Amino acid sequence: MAQFVCNLVEKAPALVNAAVTYSKPRLVELVPPTPAEIPRAFQSLKKIVNSAQTGSFKQLTVKEAVSSTVATCFRSILSCEDKPFQRKQNFS
């Protein structure tokens, strides 16, 4: 237990600095979708609307729903990493 506390005390300043760095708001300009991405977005939206209308989402098990949600979040994170964001610099 003493070893854990000692390690925590040693790493605390670095963890706090990282938390402060990543918690600062950033101005980010989002890039509009390309023409190739628009049909995929409409297909995805149609699937969501169809699922809501038919109630088919109620037939999912908790495991399937969580798995699908995690996969969707992971894919969205990866797609964001593929396209670099253009940052606006605030000189005021």
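Phe4 is placed in helix α1 of this predicted model. At 52% relative accessibility, Phe4 counts as exposed, because the cut-off for that class is over 50%. Phe4 also belongs to a nonpolar surface patch, together with Met1, Val5, Leu8, Val9 and Leu15. The accessible area of these residues together is about 660 Å².

Helix α1 itself spans residues 2-23. From the first C-alpha to the last, its 22 residues reach 30 Å, close to the 32 Å expected at 1.5 Å a residue. The helix is not straight throughout: at Lys11, α1 bends by about 45 degrees. A proline, Pro13, follows Lys11 within four residues. Cover over α1 is slight, and the count of buried residues among its 22 residues is 0.

Helix α2 comprises residues 37-54. Its 18 residues reach 26 Å between the first and last C-alpha, close to the expected 26 Å at 1.5 Å a residue. Gly55 follows α2 and has a positive phi, near 75 degrees.

In the protein chain as a whole, the secondary structure amounts to 3 helices and 2 strands. Read from the N terminus on, the order of these elements is α-β-α-α-β. Burial is sparse: 2% of the 92 residues of the protein chain count as buried. The area exposed by the protein chain is about 8,700 Å², of which 65% is supplied by carbon and sulfur atoms.

Confidence varies along the model. The mean pLDDT of the protein chain is 77, and a value of 70 or more is reached by 82% of its residues. Helix α2 has the highest confidence, at 87. The lowest confidence is found in strand β2, residues 86-87, where the mean is 51. Predicted coordinates should not be read in detail where pLDDT is low.

Methods: Residues are numbered from 1 along each chain as its sequence is written. This is a predicted model: local features need pLDDT of at least 70, side-chain atom pairs count only at pLDDT 80 or more; totals for chains, interfaces and linings use all residues. Side-chain values use heavy atoms; hydrogens and water are left out. The expected span of a helix is 1.5 Å times one less than its number of residues. The bend at a residue is the angle between axes fitted to the seven residues ending there and the seven starting there. Buried means under 20% relative accessible area, exposed over 50%, partly exposed in between (1.4 Å probe, protein chains only). pLDDT is the predictor's confidence in each residue, from 0 to 100. Patches are made of residues with over 30% relative accessible area and no salt bridge: like charges are joined within 9 Å, nonpolar side chains (Val, Leu, Ile, Met, Phe, Trp, Tyr) within 5 Å. Accessible areas come from the Shrake-Rupley method with a 1.4 Å probe; for residues, only the protein chains shown count as cover. A salt bridge is a side-chain nitrogen of Lys or Arg within 4 Å of a carboxyl oxygen of Asp or Glu.
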